[in-house]
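I opened the notebook to record what I looked up in this model. The topics are the fold, the charged pairs, the aromatic rings and the nonpolar core.

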Amino acid sequence: MCTGFIESVTHQPPSEQPFFSAVVVDSGRPGAVSHTGAGGFRKPYDRLRVIWLGRTRVPGIEAGVELRLDGMVTQVDGLPAMFNPRYEILSRQEHL
């Protein structure tokens, strides 16, 4: 489980297999996502990539949104990643 802000999202072109991706950074301190692993310890990451397979968009997921994620962390291209996590939107930035 981790909590953070969405830094960026990636949309796939229609010719590619569908997936939706976001990069999350920690809400408590810039530059790290804290993941609570087995035994309750917190492991800091600079960034966490979140990937929803088979989706071209995930409602509510956009840059600036704070969310809580629940899922298993693995490595993809040297970056910690979570596939198809459960998520809860905690807050979103208001645009003026």
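The entries below go topic by topic.

**Entry 1: status and overall make-up.** I noted at the start that this is a predicted model. I then looked up the secondary structure and found nine strands and zero helices. Read from the N terminus, the elements run β-β-β-β-β-β-β-β-β. The protein has 96 residues, and 33% of them are buried. I also checked the contacts with a separation of 6 or more: 56% of these are between residues 24 or more positions apart. For the surface I got an exposed area of about 5,900 Å², of which carbon and sulfur atoms supply 52%.

**Entry 2: salt bridges.** How many salt bridges does the count come to? I obtained two. My reminder for this entry is that side chains of opposite charge can pair when their charged atoms come close.

I took Glu-7 and Arg-47 as one of them; their side chains meet at 2.8 Å, N to O. This pair links distant parts of the chain, 40 residues apart. Glu-7 sits in strand E1 (residues 2-11), while Arg-47 lies in the loop between strand E4 (42-45) and strand E5 (48-53). I looked up whether the two residues are buried or exposed. Glu-7 has a relative accessible area of 39%, so I list Glu-7 as partly exposed. Arg-47 has 29%, so Arg-47 is partly exposed too.

Arg-68 and Glu-88 also form a salt bridge, with 2.8 Å from N to O. Here the residues are 20 apart in the chain, and the pair again links distant parts: Arg-68 belongs to strand E6 (residues 66-70) and Glu-88 to strand E9 (residues 86-91). I list Arg-68 as partly exposed because its relative accessible area is 30%. Glu-88 is at 41% relative accessibility and therefore also counts as partly exposed.

**Entry 3: aromatic rings.** I describe a pair of aromatic rings by the distance of the centres and the angle of the planes. The structure holds two such pairs. For Phe-20 and Trp-52, the centres are 6.1 Å apart and the planes are at 40 degrees, so I recorded this pair as tilted. Phe-20 is in strand E2 (residues 19-26) and Trp-52 in strand E5, 32 residues apart. Phe-20 has a relative accessible area of 1% and is buried. Trp-52, at 4% relative accessibility, is buried as well, because the cut-off for buried is under 20%.

Trp-52 also pairs with Tyr-87, and this pair is edge-to-face, with 5.7 Å from centre to centre and 80 degrees between the planes. Trp-52 and Tyr-87 are 35 residues apart, the latter in strand E9. Tyr-87 is at 33% relative accessibility, so I put Tyr-87 down as partly exposed. Through these ring pairs, Phe-20, Trp-52 and Tyr-87 are linked into a cluster.

**Entry 4: nonpolar core.** My background note is that in soluble globular proteins, nonpolar side chains tend to be buried together. Which residues have the most contacts inside the largest nonpolar core? I found Ile-6, Leu-48, Val-50, Trp-52, Ile-61 and Leu-69, in a core of 14 residues. Strands E1, E2, E5 and E6 each supply at least two residues of this core. I marked Trp-52 twice in the notebook: Trp-52 is on the core list and in the ring cluster.

Technical notes
Residues are numbered from 1 along each chain as its sequence is written. This is a predicted model: local features need pLDDT of at least 70, side-chain atom pairs count only at pLDDT 80 or more; totals for chains, interfaces and linings use all residues. Side-chain values use heavy atoms; hydrogens and water are left out. A salt bridge is a side-chain nitrogen of Lys or Arg within 4 Å of a carboxyl oxygen of Asp or Glu. Helices (H or I, at least four residues) and strands (E, at least two) are DSSP runs, numbered from the N terminus. Buried means under 20% relative accessible area, exposed over 50%, partly exposed in between (1.4 Å probe, protein chains only). Rings of Phe, Tyr and Trp (its six-membered ring) pair if their centres lie within 6.5 Å; planes under 30 degrees apart count as stacked, over 60 as edge-to-face and the rest as tilted. A nonpolar core is a set of buried Ala, Val, Leu, Ile, Met, Phe, Trp, Tyr and Cys residues joined through side-chain atoms within 4.5 Å. Contact means heavy atoms within 4.5 Å. Accessible areas come from the Shrake-Rupley method with a 1.4 Å probe; for residues, only the protein chains shown count as cover.
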